[in-house]
Amino acid sequence: MGLWSQRVGQAFLDWLSPPAGGQWLDVGCGNGAFTELLVAECAPDSVDGIDPSEGQLAHARPPRAAGRHLPGWRRHGAAL
């Protein structure tokens with residue numbers, strides 16, 4: 001996620017104003033940058049990311065998320 005997209009992600013979460021906790025599904029999670037923002041800002045109980053690109057998911061998987069709530073990363077929605 002580029003700098004512009006990070007700003008949009010933050011603006012979206014500000015607008016949505018979700019309560020802490022909850023279960024999230026990031027469809028099209030890409031490299032996990034928005035998912036990481038989601039974890040930092042919303043403290044979800046659980047979060048899963050799915051994306052058709054194994055290369056993006058490889059980047060999204062730990063250690064990128066090390067030290068934070070570790071989301072589940074899946075390649076296809078059918079895996080859910």
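**Core.** I looked up the largest nonpolar core in this predicted model. The core comprises 8 residues: Leu13, Trp24, Phe34, Leu37, Leu38, Val39, Cys42 and Val47. I then noted which element contributes most: helix H2, residues 33-42, supplies 5 residues of this core. In soluble globular proteins, nonpolar side chains tend to be buried together.

**Leu38.** I listed the contacts of Leu38, leaving out residues up to four places away in sequence. Leu38 touches Leu13, Trp24, Ala43, Pro44 and Val47. Of these partners, I find Leu13, Trp24 and Val47 again in the core list.

**Strands.** I examined the pairing of strand E1 (residues 23-27) with strand E2 (residues 46-50) and recorded a parallel arrangement over 5 bridges. For Leu25, I found Asp48 as the bridge partner in E2. I followed the chain from E1 through H2 to E2 and entered this β-α-β crossover as right-handed.

**Aromatic rings.** I recorded 2 aromatic pairs in the structure. For Phe12 and Phe34, I noted ring centres 6.3 Å apart and planes at 50 degrees, so this pair is classed as tilted. The pair joins distant parts of the chain, as Phe12 lies in helix H1 (residues 3-16) and Phe34 in helix H2, 22 residues apart. I also entered a cluster formed by Phe12, Trp15 and Phe34.

**Exposure.** Are Phe12 and Phe34 buried or partly exposed? I read a relative accessible area of 37% for Phe12, which is therefore partly exposed. Phe34 has a relative accessible area of 17% and is therefore buried, the cut-off for burial being under 20%. I note that Phe34 belongs both to the nonpolar core and to the aromatic cluster.

Technical notes:
Residues are numbered from 1 along each chain as its sequence is written. This is a predicted model: local features need pLDDT of at least 70, side-chain atom pairs count only at pLDDT 80 or more; totals for chains, interfaces and linings use all residues. Side-chain values use heavy atoms; hydrogens and water are left out. A nonpolar core is a set of buried Ala, Val, Leu, Ile, Met, Phe, Trp, Tyr and Cys residues joined through side-chain atoms within 4.5 Å. Buried means under 20% relative accessible area, exposed over 50%, partly exposed in between (1.4 Å probe, protein chains only). Helices (H or I, at least four residues) and strands (E, at least two) are DSSP runs, numbered from the N terminus. Contact means heavy atoms within 4.5 Å. Two strands pair if DSSP finds at least two bridges between them. A crossover is right-handed if, with the strands pointing away from the viewer, the path from the first strand over the helix to the second runs clockwise. Rings of Phe, Tyr and Trp (its six-membered ring) pair if their centres lie within 6.5 Å; planes under 30 degrees apart count as stacked, over 60 as edge-to-face and the rest as tilted.
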